[in-house]
Amino acid sequence: MEEVCLSPRETIRITFAGDHRVGKSTFIKNNLGLSGDIESTIHPQIYSRDYVDGIKNIRFIIADLPGSRNNRLLGKSYIQNLDALVLAFKLDDPNSFYGLGDWIYFISNLNPIVKKVPLILLGIDKGNPVVRYSRILSFAKANGFIYIQSTIYEPLEEIYRQIINFRLSNNANCSKCLPACVIL
C-alpha cells in the first residue's frame, strides 16, 4: 500500500459587509492587487483569490456588498450562502461602529445560522481612530466576532488565517472535508 497526499481545492466564500464609504472595496482591491479607480459599490462585486495553506489549495470567493441601505438586499444571496463574514467599519467614525448592530440584525434575519461561521470584525484605520479599543473588543466578544484592525493597504492574510484556523478547529465535525492523505 502506498500513501498519496492530495492537494484538494476547497472553496471558501467570504462576504464583506459594512456601511457605505467604510473602505471595504478599497481594502479588497488593494489586497488583491487590482488597479484602477475605486468607485462606490452599488451592486455586489465578486473577486477570487487562490491561496495555498500547507498542502491544501484554497480558493477564496470574496463578495463585496454595497453599504447603502437602499442596495443591501442586492447582496441577499451572498449573505445566505457564506462560509465567513467580514463586517467592516471605520475606526475614525463612531456612526460606522454604532451602525454594526443594524448590520448584524439584517444579516441574522437573512441567515439565522450565520453564528456558525467565522465572524470577523474589521476596523479600518484611515489615520485618526476615535472609537475606543475596549468598546470594540466588548462588542466583538458579545457578538462572537474575531476583531482585526487594519489599514486599507494591509494584506488580507490575517483574515484568511483566522478563517482557516476557525475551520480547522471545527474540522472534527466536518463530514464534507477531504482528507489530505489517502492510502492506496
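Which residue in E7 is the bridge partner of Gly123? In E7, Gln149 is the bridge partner of Gly123. The legends below start with the whole chain and then turn to close-up views.

**View 1. The whole chain, with 6 helices and 8 strands.** This is a predicted model, in which local features need pLDDT of at least 70 and side-chain atom pairs count only at pLDDT 80 or more, while totals for chains, interfaces and linings use all residues. Residues are numbered from 1 along each chain as its sequence is written, and side-chain values use heavy atoms, with hydrogens and water left out. Helices (H or I, at least four residues) and strands (E, at least two) are DSSP runs, numbered from the N terminus. From that end, the elements follow the order β-β-α-β-β-α-β-α-α-β-α-β-α-β. Of the 184 residues, 43% count as buried; buried means under 20% relative accessible area, exposed over 50%, and partly exposed in between (1.4 Å probe, protein chains only).

**View 2. An open sheet of 6 strands.** The strands stand in the order E3-E4-E2-E5-E6-E7, and their pairing is mixed. Two strands pair if DSSP finds at least two bridges between them. Strand E3 (45-53) and strand E7 (146-150) are the edge strands, each pairing on one side only. From one strand to the next, the twist averages 25 degrees. Strand E6 (residues 119-124) pairs with E7 in the parallel sense over 5 bridges.

**View 3. Helix H4 (residues 100-110) across three strands of the chain: E2, E5 and E6.** Helix H4 lies across strand E2 (9-18), strand E5 (84-90) and E6. Its direction is at about 155 degrees to E5; axes are lines fitted to C-alpha atoms, for helices over the stretch in contact (heavy atoms within 4.5 Å), and angles run from 0 to 180 degrees between N-to-C directions.

**View 4. Helix H1 (residues 24-32) and the residue after it.** In H1, 7 of the 9 residues are buried, so the helix is largely enclosed by the rest of the structure. These buried residues are Lys24, Ser25, Phe27, Ile28, Lys29, Asn31 and Leu32. Just after H1, Gly33 has a positive phi of about 75 degrees.

**View 5. Two salt bridges of strand E2, formed by Glu10 and Arg13.** A salt bridge is a side-chain nitrogen of Lys or Arg within 4 Å of a carboxyl oxygen of Asp or Glu; by this rule the count comes to 5. Glu10 forms a salt bridge with Arg167, and their closest N and O atoms are 2.4 Å apart. This pair links distant parts of the chain, with Glu10 in strand E2 and Arg167 in helix H6, 157 residues apart. Glu10 counts as buried at 18% relative accessibility, whereas Arg167 counts as partly exposed at 24%. Arg13 forms a salt bridge with Asp83, the closest N and O atoms being 3.2 Å apart. Asp83 lies in the loop between helix H2 (76-80) and E5, and Arg13 in strand E2, so the pair ties together parts that are 70 residues apart in sequence. Asp83, at 14% relative accessibility, counts as buried, and Arg13, at 36%, counts as partly exposed.

**View 6. Helix H6 (residues 157-169) and a salt bridge within it.** The expected span of a helix is 1.5 Å times one less than its number of residues. For the 13 residues of H6 this gives 18 Å, which agrees with the 18 Å between its end C-alpha atoms. Ile159, Tyr160, Gln162, Ile163 and Ile164 are buried in H6. The side chains of Glu158 and Arg161 meet in a salt bridge (2.7 Å, N to O). Both residues lie in H6, 3 residues apart, about one turn of the helix. Glu158 is partly exposed, with a relative accessible area of 29%, and Arg161 is partly exposed, with 40%.
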